[in-house]
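Please open the model in a viewer and keep the sequence panel beside it. The tour below proceeds by selection, and each stop states what is to be found there.

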Amino acid sequence: MSERRNGNLRLIFIVLLILNAAFFIYWRFSAENRAAAASRMQDLQINPGRIKLMGTASRGPGGQSPKAACLEWGPFRASEIANVDAVLAGLKLRQPPVQRTVGEAGGMKRVAYFVREPDPAIVARIADLQRSFPGTSITAGPCPS
């Protein structure tokens, strides 16, 4: 029985020795692979400091200039145009608003005003003024060409 026990212990020792040797070989040769993989992962990481814009801010899709943002306010009846012109003149906008015809209703021309690239204060003031002109709405979108 003791010889059988000694034989089992020798077998366990040999198996453990082989497992240790295999683990050492794996660890030794895979360390280089882990370093290379870590280097590749670092290269794939998005690093905001390495991003450089190459003139994309001045061009839109397909090399076209992007349209400026506008605030569209309207539609106004023809009888309201003089009042709206006076109200918009009082806002002292950087660029004069663009008036466009948006259709006719009851044989009367209807127009909308486009305010180019308004700042938040101008948007708030126009929203307050809109209450004086029922039936009008304010939308944001690209400026008409």
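What share of the contacts in the chain with a separation of 6 or more comes from residues 24 or more positions apart? In this predicted model, such residues account for 68% of those contacts.

**The whole chain**

Begin with the complete chain, coloured by secondary structure. Three helices and four strands are present, and their order along the sequence is α-β-α-β-β-α-β. Switch next to a surface representation. The chain exposes about 11300 Å², of which carbon and sulfur atoms supply 60%. Of its 145 residues, 17% count as buried.

**Helix H1 and its nonpolar patch**

Select residues 2–44, which make up helix H1. Then select Leu9, Leu11, Ile12, Val15, Leu16 and Leu19 and display their side chains; these residues form a nonpolar patch on the surface. Together they have about 570 Å² of accessible area. Centre the view on Ile12, a member of the patch that lies in H1. Ile12 counts as partly exposed because its relative accessibility is 48%, a value between the limits of 20% and 50%.

**Strand S1 and the cis peptide bond**

Move to strand S1, residues 69–77. Show the backbone atoms of Gly74 and Pro75: the peptide bond from Gly74 to Pro75 is cis, with omega near 0 degrees. Pro75 itself lies within S1.

**The disulfide**

Remain in S1 and select Cys70 together with Cys143. How far apart are the sulfur atoms of Cys70 and Cys143? They are 1.6 Å apart, and the two residues form a disulfide. A search of the whole structure finds one disulfide. The link of Cys70 and Cys143 is right-handed, with 95 degrees about the S-S bond. This pair links distant parts of the chain: Cys70 belongs to strand S1, whereas Cys143 is in the segment after strand S4 (137–142), 73 residues apart.

Are the two cysteines buried or exposed? Cys70 has a relative accessibility of 6% and so counts as buried. Cys143 is also buried, its relative accessible area being 4%. The cut-off applied in both cases is under 20%.

**The loop after helix H2**

Select Lys92, in the loop between helix H2 (81–90) and strand S2 (98–105). Lys92 is not a glycine, yet its phi is positive, at about 50 degrees. Lys92 counts as exposed because its relative accessibility is 72%, and the limit for that class is over 50%.

**The S2–S3 hairpin**

Continue to S2 and S3 and display the backbone. These strands run antiparallel and are joined by seven bridges. To follow the pairing, label Arg100, which stands opposite Ala112 in S3. S2 and S3 form a hairpin with two residues between them. In the turn, select Gly106, whose phi is positive at about 60 degrees.

**The loop after strand S3**

The last selection is Glu117, located in the loop between strand S3 (108–116) and helix H3 (120–130). Which sign does the phi of Glu117 have? The angle is positive, about 45 degrees, although Glu117 is not a glycine. With a relative accessible area of 44%, Glu117 is partly exposed.

Definitions and conventions:
Residues are numbered from 1 along each chain as its sequence is written. This is a predicted model: local features need pLDDT of at least 70, side-chain atom pairs count only at pLDDT 80 or more; totals for chains, interfaces and linings use all residues. Side-chain values use heavy atoms; hydrogens and water are left out. Buried means under 20% relative accessible area, exposed over 50%, partly exposed in between (1.4 Å probe, protein chains only). A disulfide is a pair of cysteine sulfur atoms within 2.5 Å. Patches are made of residues with over 30% relative accessible area and no salt bridge: like charges are joined within 9 Å, nonpolar side chains (Val, Leu, Ile, Met, Phe, Trp, Tyr) within 5 Å. Accessible areas come from the Shrake-Rupley method with a 1.4 Å probe; for residues, only the protein chains shown count as cover. A salt bridge is a side-chain nitrogen of Lys or Arg within 4 Å of a carboxyl oxygen of Asp or Glu. Two strands pair if DSSP finds at least two bridges between them. Contact means heavy atoms within 4.5 Å.
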